[in-house]
Amino acid sequence: MMHIGELAERSELSLRTLRHYDEIGLLRASGRSEGGFRLYSEDDLARLLVIRRMKPLGFSLEQMAELLEIVDAREAKNPDPTVRDLLNTYIEDAVERRDKLARQLAMADEFVELLRSI
């Protein structure tokens, strides 16, 4: 188990962000210390890294929560085919968002090269 400071360091997210995620129920601490401090597990860190990877792609907090529910259902070996369909929708959306970011990065690279050539 780790305290919130270690989780922040390992995830490269701020304490404020982690507290906000806890307040809205996106990522709850697995436990509390005797002093009342939040304690997080390696599984909590893994969930947080899913969230962190969604952030640059512009997914909303609600979408993050829904995807975590889908991940939980898949890990529980939920045979419901709609769960797989929802996951496939997220995969397609993530690919589209990544492709858009790649195009933006290419334009940014062109701009940097233009500035260097001036």
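**Helix packing and salt bridges: exercises**

Helix α3 passes helix α4 in a right-handed crossing (the near helix is turned clockwise from the far one by less than a right angle; anticlockwise would be left-handed). The model is predicted, so local features need pLDDT of at least 70 and side-chain atom pairs pLDDT 80 or more, while totals for chains, interfaces and linings use all residues. Residues are numbered from 1 along each chain as its sequence is written, and side-chain values use heavy atoms, without hydrogens or water.

**Exercise 1.** Describe how α3 packs against α4, and state which residues meet.

Solution. Start with the geometry. The axes of α3 and α4 (residues 61-75) lie 10 Å apart, at an angle of about 135° (lines fitted to C-alpha atoms over the stretch in contact; angles run from 0 to 180 degrees between N-to-C directions). Helices here are DSSP runs of H or I with at least four residues, numbered from the N terminus. The angle of about 135° makes α3 oblique to α4 (under 35 degrees is roughly parallel, over 145 roughly antiparallel, 65 to 115 roughly perpendicular, the rest oblique).

Next, list the contact (heavy atoms within 4.5 Å). From α3 come Arg 47, Val 50, Ile 51 and Met 54; they meet Gln 63, Met 64, Leu 67, Leu 68 and Asp 72 of α4. Sorted by class, the residues of this contact are six nonpolar, one polar and two charged (Ala, Val, Leu, Ile, Met, Phe, Trp, Tyr, Cys and Pro are nonpolar; Asp, Glu, Lys and Arg are charged; the others, Gly among them, are polar).

**Exercise 2.** Is α1 roughly parallel or roughly perpendicular to α2? Give the residues in contact.

Solution. Take the angle: α1 and α2 (residues 15-23) pack at about 110°, and their axes are 9 Å apart. That makes α1 roughly perpendicular to α2. The crossing of α1 over α2 is right-handed. On the α1 side the contact uses Ile 4, Gly 5, Leu 7, Ala 8 and Ser 11, and on the α2 side Leu 15, Leu 18 and Arg 19. The classes in the contact of α1 with α2 are five nonpolar, two polar and one charged.

**Exercise 3.** How many salt bridges does the model have, and what does the pair Arg 10 and Glu 42 tie together?

Solution. Apply the rule (a side-chain nitrogen of Lys or Arg within 4 Å of a carboxyl oxygen of Asp or Glu); the count is eight salt bridges. Arg 10 and Glu 42 form one of them, with N to O at 2.8 Å. Arg 10 belongs to α1 (residues 4-11) and Glu 42 to α3 (residues 42-54), so the bridge links parts that are 32 residues apart in sequence. Now check exposure: Arg 10 is partly exposed at 36% relative accessible area, and Glu 42 is partly exposed at 47% (buried is under 20%, exposed over 50%, partly exposed in between, with a 1.4 Å probe and protein chains only).

**Exercise 4.** Where does the pair Glu 113 and Arg 116 lie, and which residues form a salt-bridge network?

Solution. The closest N and O atoms of Glu 113 and Arg 116 are 3.1 Å apart, a salt bridge. Both sit in α5 (residues 81-117), three residues apart, which means a separation of about one helical turn. Glu 113 is partly exposed at 46%, and Arg 116 is exposed at 63%. Elsewhere, salt bridges with shared partners join Glu 6, Arg 10 and Glu 42 into one network.

**Exercise 5.** Is Asp 22 buried or exposed, and which residue does Asp 22 pair with?

Solution. Asp 22 has 7% relative accessibility and counts as buried. Its salt-bridge partner is Arg 28, with the closest N and O atoms 3.5 Å apart.

Note on methods
Helices (H or I, at least four residues) and strands (E, at least two) are DSSP runs, numbered from the N terminus.
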